Amino acid sequence: MGWRIRVRGQVQGVGFRPHVWQLAQRFGLNGEVLNDAEGVLIHCDAAPAAFIAAITAEKPPLSRIDQIEVTEAEYEAPSGFVIAASGAKGAETRVTPDAATCPACRDEIHGHGRRAGYAFTNCTHCGPRFTILNALPYDRAQTTMAPFTMCPDCAAEYVDPADRRFHAQPIACPTCGPRIWAEPEGDAIIVTAERILAGQIVAIKGLGGFHLCCDATNPTAIETLRTRKHRPTKPLALMATLDTIHRYARVTDADLALLTDPAAPIVLLPKADALPDALAPHQNQLGWMLPYTPLHHLLIETVGRPLVMTSGNLSGEPQVIGNDEAREKLGRFADAFLMHDRDIARRLDDSVERAKPPMILRRARGRVPSTIPLPEGFEDAPQVLALGGQMKGAICLTKNREALLGHHLGDLDDVLCAAEFEKAVTDYSALFDHKPTVVAVDAHHGYRATRYGQTLGLPVVEAWHHHAHLASCLAENGWPLSGGPVAGIILDGTGLGPDGTLWGGEVLLGDYRAATRVGGLTPAPLAGGDRAAREPWRNAMVRLDQAGLSDWADELFPDAPRDILRHAVTKGLNAPLSSSAGRLFDAVAAVVGLCPMAQSYEGEAAMALEALVDTSIDGAYTFGEDNGWIDPSPIWGQIRDDLRRGVSLSQIATHFHRGLAHAFADVARDLFEQGKVAAVALSGGCYQNVALFTMTKARLEGIPTLVHREIPANDGGLALGQAMIAAAQSI
């Protein structure tokens with residue numbers, strides 16, 4: 001008799017078999033380790049507790065162990081311990097996300113060995129994974145590295161279990177691997193650095209797509225980039241070494257841990273030393289990331305300055321990934337190109353995150369395709385395909401008691417983003433051998449994703465937008481199917497509600513199977529429909545009119561077409577009712593003079609208002625409240641009085657945020673104290689506002705509160721909630 005040890009989780013393509021092989025040498029075991037369709041399988045003649053413990057305690061940095069099963073089994077162990085050929089192939093195990101360059105590879109590119117200065121240096125602890133994968137199993141032949149035949153030196157490393165490049169599928173060196181070049185010609189890194197330092201814009205091919213890059217200390221270059229890309233104010237992402245980031249930002253220990261995580265996301269950090277305001281107008285923070293490929297390391301250390309690294313795309317379109325596509329689409333933006341000849345299998349934007357409170361704003365490179373376990377009660381859940389909403393598109397697949405939330409796909413209003421969305425459905429389904437029996441969609445029949453889901457020939461579950469937000473938060477927190485109802489505070493822009501109006505500021509009472517609105521913001525017309533989301537003054541005028549302060553609206557917006565809009569509202573012409581918290585933020589921002597007539601990107605006014613918050617200021621505005629319904633009418637007179645008394649905008653912004661947080665938290669607290677709910681869940685895009693989030697959490701102190709950490713609170717997490725609703729209704 002011997003032992004059979006099954007390891008499940010993210011354990012393939014991360015150096016797990018050589019990890020086990022090295023432990024077996026230490027413990028003197030005979031046997032074998034191999035990959036198969038379910039993960040890693042170990043057969044051995046003994047299974048000492050210390051060996052089992054070391055498998056987890058010393059696991060490779062990119063691995064994640066979900067379960068280890070140890071059973072006694074008949075086994076004729078060989079003499080010694082070997083890494084055996086892979087067993088049955090399949091898509092039952094985890095695909096590892098792309099990972100930033102590890103310290104050992106970073107040292108190599110700065111050293112004197114054969115990979116000195118090589119832009120594609122990697123090992124089993126770092127490098128591309130998902131962005132080069134064409135199909136499973138994850139073997140070199142199934143990746144975009146297939147055209148590059150390993151040289152004898154790389155081949156020797158690849159087959160040596162003691163080498164950190166054992167079975168590293170993207171293994172390469174200057175002799176046999178991909179290459180970089182500059183257009184126009186010259187030494188790729190040096191020429192590119194010189195152009196950046198001269199104030200030019202360079203399109204750079206990275207891991208999941210192209211970036212548009214310029215010198216982040218050069219106001220003229222930044223303005224040139226903004227003008228060419230028609231991106232007047234939206235914040236630009238930055239890349240720099242850690243020393244440089246410490247100079248220009250305030251970095252906490254939590255920030256440092258997130259910056260240096262293998263996922264290497266963009267991390268939002270408070271500004272410190274001065275950089276041009278044009279990087280993020282009206283904001284008190286900047287998005288920073290460390291160089292995450294050898295190419296980035298080589299370039300940024302040659303330039304010696306922080307770099308703007310913004311997505312290489314036309315406004316609203318998907319990020320460019322192909323060389324010819326880049327020349328065609330980015331030629332009008334870029335003065336030069338830094339190219340390479342390794343194809344990108346799928347485009348992945350950079351993830352955007354915060355460290356404290358921990359939250360993911362955009363889930364993409366480095367985080368996908370990791371999974372989350374389904375909560376208790378979903379053991380018999382069917383395979384579900386969920387298609388998300390219209391904005392911040394993302395799909396979700398459930399299988400084998402796990403949910404895989406796909407990467408950020410952009411806004412499906414754009415035709416090319418919609419095409420990418422359909423490609424992603426095909427891609428993920430094939431890659432993970434997914435065979436859904438039901439498709440889940442948003443209940444809004446005008447959404448592209450919803451219309452697409454209805455063409456798949458499967459039973460369709462239509463999930464209400466805000467119920468899906470609630471279910472997403474429940475699932476991320478492992479709330480059991482039988483866990484009972486919770487109070488969901490769901491604050492966002494807009495989503496269709498069961499009453500036919502556009503919701504966006506709700507208190508829901510429910511679980512995975514159903515949810516009922518028991519409170520929320522009193523509604524107001526969206527004057528001009530979609531234009532209300534682009535022109536904050538419209539929301540301000542409507543809310544001021546509701547509060548009997550039309551004269552103040554006339555004073556604030558004298559040049560706006562107020563009479564025409566009021567007539568349309570009175571007649572109900574293109575003025576749907578909405579309880580949107582997002583539009584309330586726009587209204588307050590407009591009243592205090594922030595982007596009143598127009599905002600150039602979603603959330604600009606609200607983000608500018610949040611940037612003014614000073615949590616050291618006490619006090620809050622008082623909202624009206626009647627049986628769970630929150631009326632903002634009383635705050636307008638308070639804001640007007642404060643403005644006329646010369647109160648700072650920081651105090652006004654702080655009082656508004658705290659007042660709104662208290663109003664919603666108090667409604668949820670009442671439900672908890674009445675014994676109607678066991679917890680409160682916070683979801684919706686407004687809860688990516690740190691001030692609102694922390695003030696709501698503080699008001700709910702002592703009450704179990706469920707929040708997002710790894711799944712976006714905005715519509716990027718919607719598909720997970722839809723999947724859970726469909727699964728719950730199918731069990």
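These legends go with close-up views of a predicted model.

**View 1. A five-stranded open sheet with mixed pairing.** Reading across the sheet, the strands come in the order β4-β1-β3-β2-β5. The edge positions go to β4 (64-73) and β5 (81-83), and each has just a single partner strand, so one side of each has no neighbour in the sheet. Going from one strand to the next, the twist averages 15°.

**View 2. Strand β1 alongside β4.** Here β1 (residues 2-10) and β4 run antiparallel, and nine bridges join them. If you want a spot to zoom in on, try Q10: its bridge partner in β4 is R64.

**View 3. Helices α1 and α2 against the sheet strands.** Helix α1 (residues 16-27) packs on the sheet and touches β1, β2 (31-36), β3 (39-44), β4 and β5. Its direction makes about 175° with that of β5. Helix α2 (residues 49-57) lies across β1, β3 and β4. Relative to β4, helix α2 runs at about 160°.

**View 4. Helix α15 crossing helix α18.** The axes of α15 (residues 536-546) and α18 (residues 581-591) come within 7 Å and cross at roughly 95°. That makes the two helices roughly perpendicular. On the α15 side, the residues in contact are P536, W537, N539, A540, R543 and L544. They meet R583, L584, D586, A587, A590 and V591 from α18. Sorted by class, this contact has eight nonpolar residues, one polar and three charged.

**View 5. The E353 and R367 salt bridge.** Side chains of opposite charge can pair when their charged atoms come close. In this view, the side chains of E353 and R367 meet at 2.7 Å, N to O. E353 sits in strand β14 (residues 352-355), while R367 is in the loop between β15 (358-362) and β16 (371-373), so the pair ties together parts that are 14 residues apart in sequence. Are these two buried or exposed? E353 counts as buried because its relative accessibility is 3%, under the 20% cut-off. R367 is buried too, with a relative accessible area of 19%.

**View 6. A salt bridge from helix α17 to helix α16.** The side chains of R566 and D554 meet here at 2.8 Å, N to O. R566 belongs to α17 (residues 562-571) and D554 to α16 (residues 550-556), so the pair links distant parts of the chain, 12 residues apart. R566 is buried, at 18% relative accessible area. D554 is partly exposed, at 28%.

**View 7. A salt bridge within helix α21.** E673 and R669 bring their side chains together at 3.6 Å, N to O. Because they are four residues apart in α21 (residues 649-673), about one helical turn separates them. E673 counts as exposed, at 56% relative accessibility. R669, with a relative accessible area of 21%, is partly exposed.

**View 8. A salt-bridge network.** Which residues are linked in this network? The members are E108, R114, R115, E157, R164 and R165. For the wider context, the count of salt bridges in the model comes to 37.

Technical notes:
Residues are numbered from 1 along each chain as its sequence is written. This is a predicted model: local features need pLDDT of at least 70, side-chain atom pairs count only at pLDDT 80 or more; totals for chains, interfaces and linings use all residues. Side-chain values use heavy atoms; hydrogens and water are left out. Two strands pair if DSSP finds at least two bridges between them. Axes are lines fitted to C-alpha atoms, for helices over the stretch in contact, and angles run from 0 to 180 degrees between N-to-C directions. Contact means heavy atoms within 4.5 Å. Angles under 35 degrees count as roughly parallel, over 145 as roughly antiparallel, 65 to 115 as roughly perpendicular and the rest as oblique. Ala, Val, Leu, Ile, Met, Phe, Trp, Tyr, Cys and Pro count as nonpolar, Asp, Glu, Lys and Arg as charged, and the others, Gly among them, as polar. A salt bridge is a side-chain nitrogen of Lys or Arg within 4 Å of a carboxyl oxygen of Asp or Glu. Buried means under 20% relative accessible area, exposed over 50%, partly exposed in between (1.4 Å probe, protein chains only).
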